[in-house]
Amino acid sequence: MADVESFTLDHTAVRAPYVRLIGVENGPKGDAISNFDVRFVQPNEGEIPTAGLHTIEHLLASLMRDRMDGIIDISPFGCRTGFHLITWGEPDVAQIVDAVRGSLTAIAEEITWEQVPAVSAVECGNYRDHSLHSAREWSKRILQQGISLDPFERVGV
């Protein structure tokens with residue numbers, strides 16, 4: 001089986017919340033695609049409940065694109081401790097942290113249920129499994145802890 005970078009990461013050594021550049025790959029025409037680990041919860045010590053994570057996912061899909069260009073995808077980890085963020089180009093970690101911080105602040109303080117995108121049976125494959133309350137509470141918790149620029153040391157929080 002192919003090696004997967006995230007399976008080689010020492011999950012006991014990181015200190016969440018943080019943003020980490022996993023790597024940059026170049027396509028056949030030279031286009032750079034960056035992969036980031038946007039970790040919200042300390043691995044093996046907690047996880048965001050599915051409904052809250054699902055709502056955060058839907059909101060980040062829009063809010064992050066409002067705050068920065070070049071986002072290809074932002075998808076949750078199966079372990080429910082954070083997200084993969086895939087971008088065109090090579091944005092720096094500080095830019096990602098700023099966009100994440102702004103998005104989580106909007107979730108924690110501004111977003112209403114009517115603003116959560118894609119929460120009907122037509123738009124979502126599990127539309128009944130959402131919680132704006134949980135998304136707000138987790139966003140507040142992550143913001144209170146601060147989002148580090150480094151996965152192993154608390155930097156810039």
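Reader: Which residue stands opposite D37 in β4?
Author: Let's begin with the strands, in a model that is predicted. β2 (residues 32-39) and β4 (residues 82-88) pair in the antiparallel sense over 7 bridges, where pairing takes at least two DSSP bridges and strands are DSSP runs of E of at least two residues. Along β4, the bridge partner of F36 is L85. Opposite D37 in β4 stands H84.

Reader: Before we go on, how are residues numbered, and at what pLDDT do side-chain atom pairs count?
Author: Happy to explain: residues are numbered from 1 along each chain as its sequence is written, and side-chain values use heavy atoms, with hydrogens and water left out. In this predicted model, totals for chains, interfaces and linings use all residues, local features need pLDDT of at least 70, and side-chain atom pairs count only at pLDDT 80 or more.

Reader: In what order do the 4 strands of the open sheet stand?
Author: The pairing in this sheet is antiparallel. β1 (18-26) and β3 (71-76) are at the edges, each with a single partner strand, so one side of each has no neighbour in the sheet. Neighbouring strands are turned by 15° against each other on average, direction ignored. The order is β1-β2-β4-β3.

Reader: Over how many bridges do β1 and β2 pair?
Author: V19 gives a good place to look, as it stands opposite V38 in β2. The hairpin of these strands has 5 residues between them, and there G30 takes a positive phi near 90°. β1 and β2 pair in the antiparallel sense, and the number of bridges is 8.

Reader: Which residue in the turn between β3 and β4 has a positive phi?
Author: β3 and β4 pair in the antiparallel sense over 5 bridges, and the partner of D73 in β4 is I86. The two strands form a hairpin with 5 residues between them. The residue in the turn with a positive phi, about 65°, is R80.

Reader: At what angle does α2 run to β3?
Author: Good one for your viewer: α2 lies across β3 and β4, with contact meaning heavy atoms within 4.5 Å. Angles run from 0 to 180 degrees between N-to-C directions. To β3, α2 runs at about 165°.

Reader: How do α2 and α3 pack, and how many residues of their contact are nonpolar?
Author: The axes of helix α2 (residues 50-67) and α3 are 9 Å apart, at an angle of about 125°, which makes α2 oblique to α3 (neither under 35 degrees, roughly parallel, nor over 145, roughly antiparallel, nor 65 to 115, roughly perpendicular). The contact involves L59, L60, L63, M64 and R67 of α2 and, among others, I96, V100 and I107 of α3. Of its residues, 2 are polar and 1 is charged (Asp, Glu, Lys or Arg), while the nonpolar ones number 9.

Reader: How far apart do the axes of α3 and α4 come?
Author: Helix α3 (residues 93-109) and helix α4 (residues 132-145) cross at roughly 135°, which makes α3 oblique to α4. R101, L104, T105, I107 and A108 in α3 meet residues of α4 including A135, I142 and L143. By class, this contact has 6 nonpolar, 2 polar and 3 charged residues. The axes come within 8 Å.

Reader: What pattern does the protein follow along the sequence?
Author: There are 4 helices and 4 strands, the helices being DSSP runs of H or I of at least four residues. The C-alpha atoms fill a box of roughly 40 × 35 × 35 Å along the principal axes. Read along the sequence, the pattern is α-β-β-α-β-β-α-α.
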